[in-house]
Structures are given as structure tokens and as C-alpha cells.
Amino acid sequence: SLEEMLLGAMGGSLGEVSALMLLLGTVFMLWKKIITWHIPVSILGTVAVFSTALHLWNPAYAHPLAVLMSGGLILGACFMATDYVTSPMSAWGKIIFGIGIGFIVMVIRTWGAYPEGRSFAILIMNACVPLLNKIRPRHFG
């Protein structure tokens with residue numbers, strides 16, 4: 001059930017079980033200004049919009065909240081994709097980066113052979129980071 005997914009009372013890989021604890025960790029990192037909101041919100045927002053559209057089109061597709069809380073999506077969106085070295089520097093670059101990850105995750109989950117596309121999506125979009133950094137270059141120094 002959705003409550004079990006939120007609280008982590010279900011099976012899963014280490015670190016991806018409790019959506020509530022992952023979100024609390026994300027709020028802490030946002031509060032301490034370790035990360036910005038751009039990447040997690042754009043990934044989760046894209047997945048929410050895509051899964052809602054699929055669910056409204058055909059109710060056989062999973063409920064959008066179940067899609068958001070299942071697998072390692074929150075772990076990837078909040079902790080893996082926000083890595084300083086491999087994420088874009090500009091705000092618009094981060095938003096496009098997150099939208100790309102969310103879209104690729106949903107394509108792989110919906111029509112791909114793998115049940116979880118988070119790692120592939122992050123790696124594919126990491127290859128696009130040099131291009132995203134040229135949108136509005138941020139110079140240091």
C-alpha cells in the first residue's frame with residue numbers, strides 16, 4: 001500500500017525503502033544549503049506528470065504516488081543526481097537535467113526491459129552536462 005511505501009514497511013534494496021526518511025534527509029540538505037531544489041523537484045515533477053498522464057489514459061498503469069515512492073527514484077533524485085561533480089552549474093541547466101532524468105526513468109520503467117531506470121537515466125544525463133553548462137555559463141573566480 002502507499003502507507004507501507006511511505007514508511008518503509010516493505011522489501012527493497014538498502015537505502016531505498018522509506019520514502020519518508022529519504023524526504024526528511026532531502027529537507028535537511030536543502031535547509032543546510034548542501035543542495036538546491038532544482039534537480040530533485042524537476043525529476044520528481046516530471047515523473048509525477050508523466051505517470052499521471054499514463055494513469056489517466058489507462059488506469060492499468062500504476063498510481064502516480066506508487067510510481068514516485070517505489071524503487072530508488074527518491075534516492076536517485078535527491079542524493080545521486082545532486083552530486084556536485086556530475087550535475088550542471090546553472091539553475092536552468094539543473095532543471096533541464098532533472099527533466100531529462102525524469103523522462104528517461106519513465107520511458108525505461110514503462111516500455112523498457114528493466115524495472116528501474118534511475119541509474120541509466122542519471123548516467124545518460126551526466127553525459128549531457130557539458131552541453132547544459134553552456135546554456136548560461138557560470139564563471140568562478
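In this predicted model, one side of helix 2 carries the exposed residues Met 21, Val 27 and Trp 31. On the other side from these, Ala 19, Leu 22, Thr 26 and Met 29 are buried. Viewed down the axis of helix 2, the buried residues fall within an arc of 85°, so they line one face of the helix. Helix 2 covers residues 19-31. Its 13 residues should span 18 Å at 1.5 Å a residue, and the end C-alpha atoms are indeed 18 Å apart. Lys 33 follows helix 2 and has a positive phi, near 60°.

Aromatic contacts were examined next. A search of the whole structure finds four aromatic pairs. One of them joins Phe 28 and Trp 31. This pair is tilted, with 5.9 Å centre to centre and 55° between the planes. Phe 28 and Trp 31 are three residues apart in helix 2, and therefore about one helical turn separates them. Phe 28 is partly exposed, at a relative accessible area of 44%. Trp 31 is exposed, at 61%.

Phe 50 and Phe 103 also pair. Their ring centres are 5.7 Å apart and their planes meet at 70°, so the pair is edge-to-face. Phe 50 belongs to helix 3 (residues 38-57), whereas Phe 103 belongs to helix 6 (residues 91-111). The pair therefore ties together parts that are 53 residues apart in sequence. Phe 50 counts as buried, because its relative accessibility is 17%, under the 20% cut-off. Phe 103 is partly exposed, with a relative accessible area of 45%. Ring pairs link Phe 50 and Phe 103 with Trp 111 in a cluster.

Key
Residues are numbered from 1 along each chain as its sequence is written. This is a predicted model: local features need pLDDT of at least 70, side-chain atom pairs count only at pLDDT 80 or more; totals for chains, interfaces and linings use all residues. Side-chain values use heavy atoms; hydrogens and water are left out. Helices (H or I, at least four residues) and strands (E, at least two) are DSSP runs, numbered from the N terminus. The expected span of a helix is 1.5 Å times one less than its number of residues. Buried means under 20% relative accessible area, exposed over 50%, partly exposed in between (1.4 Å probe, protein chains only). The arc is that of the directions from the helix axis to the C-beta atoms. Rings of Phe, Tyr and Trp (its six-membered ring) pair if their centres lie within 6.5 Å; planes under 30 degrees apart count as stacked, over 60 as edge-to-face and the rest as tilted.
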